[in-house]
Amino acid sequence: MNLRVGGGLSRPAAEPQIDTAPRPFGSLSQRGVRTGPALRSRLTALAFVAPLLVYLAAFYAYPLYRNLDLSLRDYTVRSFVQGDAPYSGWRNFSTVLHDPTFGPAMRHTVIFTFVSIVFQYVIGLALAVFFNRHFRLASTLRALFLIPWLLPLIVSASTWSWMFNSESGVVNYGLHLVGVDPVGWLTSPDWALVSVIVANIWIGIPFNLVILYSGLQNIPAELYEAAALDGAGGWQQFRRITFPLLRPVSAITVLLGLVYTLKVFDLIWIMTKGGPGDSSSTLATWSYQLGFGTLLPKFGPGAAVGNILILIALVFGLLYIRVQRRRET
């Protein structure tokens, strides 16, 4: 209580009011303190990601959009320049699917891709296991096996064209030494596809070797030591340890090889141009031939064939993602 100076009682002094009402979370003052560093962090992350997004948009998204637009319109040379091609819907795809060249091109694409991937993987895996023993000169020999991968593709294709030449090629010369008649590797419809497959296998082996060798390095050596103590031989160790633990690496190796082999164009074009006739044509070479191989290019059908290739690669990519998710769960 407060006593009045003249006597009597006075009213108590008013106590200061304290605002005890709860403030809503994320109010203006709190947001200013809390989101300041978070906002700067997001802007910094966006600044780092922006070049990648621009690159993907400029070199992947826009070309895919243009290719889809080409396949859905009736483009000529004039309309391609002026940009006034009429919309044709799925007519270009129907034209391609009913073309007599589609069947052989699809069959050659399947054969070329399947045979190349199988031999590239098997030979690459055998070489990776061989070099995993760490003997003398292993690193030097492994580096020499990378030469086909490091050479420009035009050099490799030109070299194989010379080697498979019917008259002056080294392959036919070797056959002549053992008494075998010369073979028209690049001029015979029966051997043209075989020739480009052999060349593509040679080029793709180093890629499989590098990826699979890296996967072998991650397998603990203690597993092999324990298996050897249990009496397991080399083949049993490969079946029970190497191959099962190498499956994730093998899956991505096969997938990348599949995507790459589906779109192989320059090797076949340099060696045979898809001939003789259509004996070595694939969807990739046919697409190029439709769009750029004639005086009157067919941009729409050529783009449609390219989109079919993209769709095939996308299907296998989605299958791989689904299989990986099942294994993780």
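In the predicted model, the lining of the largest pocket consists of 13 nonpolar, five polar and two charged residues. These 20 lining residues surround a space of about 510 Å³. Nearest the centre of the largest pocket are Asn67, Ser287, Gly306, Leu309 and Ile310. Four helices each supply at least two residues of the lining of this pocket: H1 (28-71), H12 (247-262), H14 (283-292) and H15 (299-328). The greatest contribution comes from H15, which gives seven residues to the lining of the largest pocket.

The second largest pocket has a volume of about 290 Å³. It is lined by 13 residues, and those closest to its centre are Val129, Arg133, Gly234, Phe238 and Thr242. Two or more lining residues of the second largest pocket come from each of helix H4 (102-131) and helix H11 (234-245). H11 gives the most to this lining, with five residues. By residue class, the lining of the second largest pocket divides into eight nonpolar, four polar and one charged.

Enclosed space was examined as well. A search of the whole structure finds one cavity of 30 Å³ or more. The volume of the largest cavity is about 30 Å³. Its lining is formed by Ile117, Gln120, Tyr121, Asn208, Thr253, Val254 and Gly257. Helices H4 and H12 each supply at least two residues of the lining of the largest cavity. H4 also contributes to the lining of the second largest pocket, and H12 to that of the largest pocket. The lining of the largest cavity contains three nonpolar and four polar residues, and no charged residue.

On the surface, a nonpolar patch of about 1100 Å² is present. The patch is made by Leu39, Leu43, Leu46, Phe48, Val49, Leu52, Leu53, Tyr55, Leu56, Phe59 and Tyr60. One of these patch residues, Leu46, is found in helix H1. Helix H1 also supplies at least two residues of the lining of the largest pocket. Leu46 counts as partly exposed because its relative accessibility is 49%, and the partly exposed class lies between the limits of 20% and 50%.

Technical notes
Residues are numbered from 1 along each chain as its sequence is written. This is a predicted model: local features need pLDDT of at least 70, side-chain atom pairs count only at pLDDT 80 or more; totals for chains, interfaces and linings use all residues. Side-chain values use heavy atoms; hydrogens and water are left out. On a 1 Å grid over the protein atoms alone, a cavity is a set of points where a 1.4 Å probe fits but cannot get out, and a pocket is an open set with protein on both sides within 12 Å along at least five of seven lines; lining residues have an atom within 4 Å of a point. Grid points are joined across faces, edges and corners, and a volume is the space filled by probe spheres set on the points. Ala, Val, Leu, Ile, Met, Phe, Trp, Tyr, Cys and Pro count as nonpolar, Asp, Glu, Lys and Arg as charged, and the others, Gly among them, as polar. Patches are made of residues with over 30% relative accessible area and no salt bridge: like charges are joined within 9 Å, nonpolar side chains (Val, Leu, Ile, Met, Phe, Trp, Tyr) within 5 Å. Accessible areas come from the Shrake-Rupley method with a 1.4 Å probe; for residues, only the protein chains shown count as cover. A salt bridge is a side-chain nitrogen of Lys or Arg within 4 Å of a carboxyl oxygen of Asp or Glu. Buried means under 20% relative accessible area, exposed over 50%, partly exposed in between (1.4 Å probe, protein chains only).
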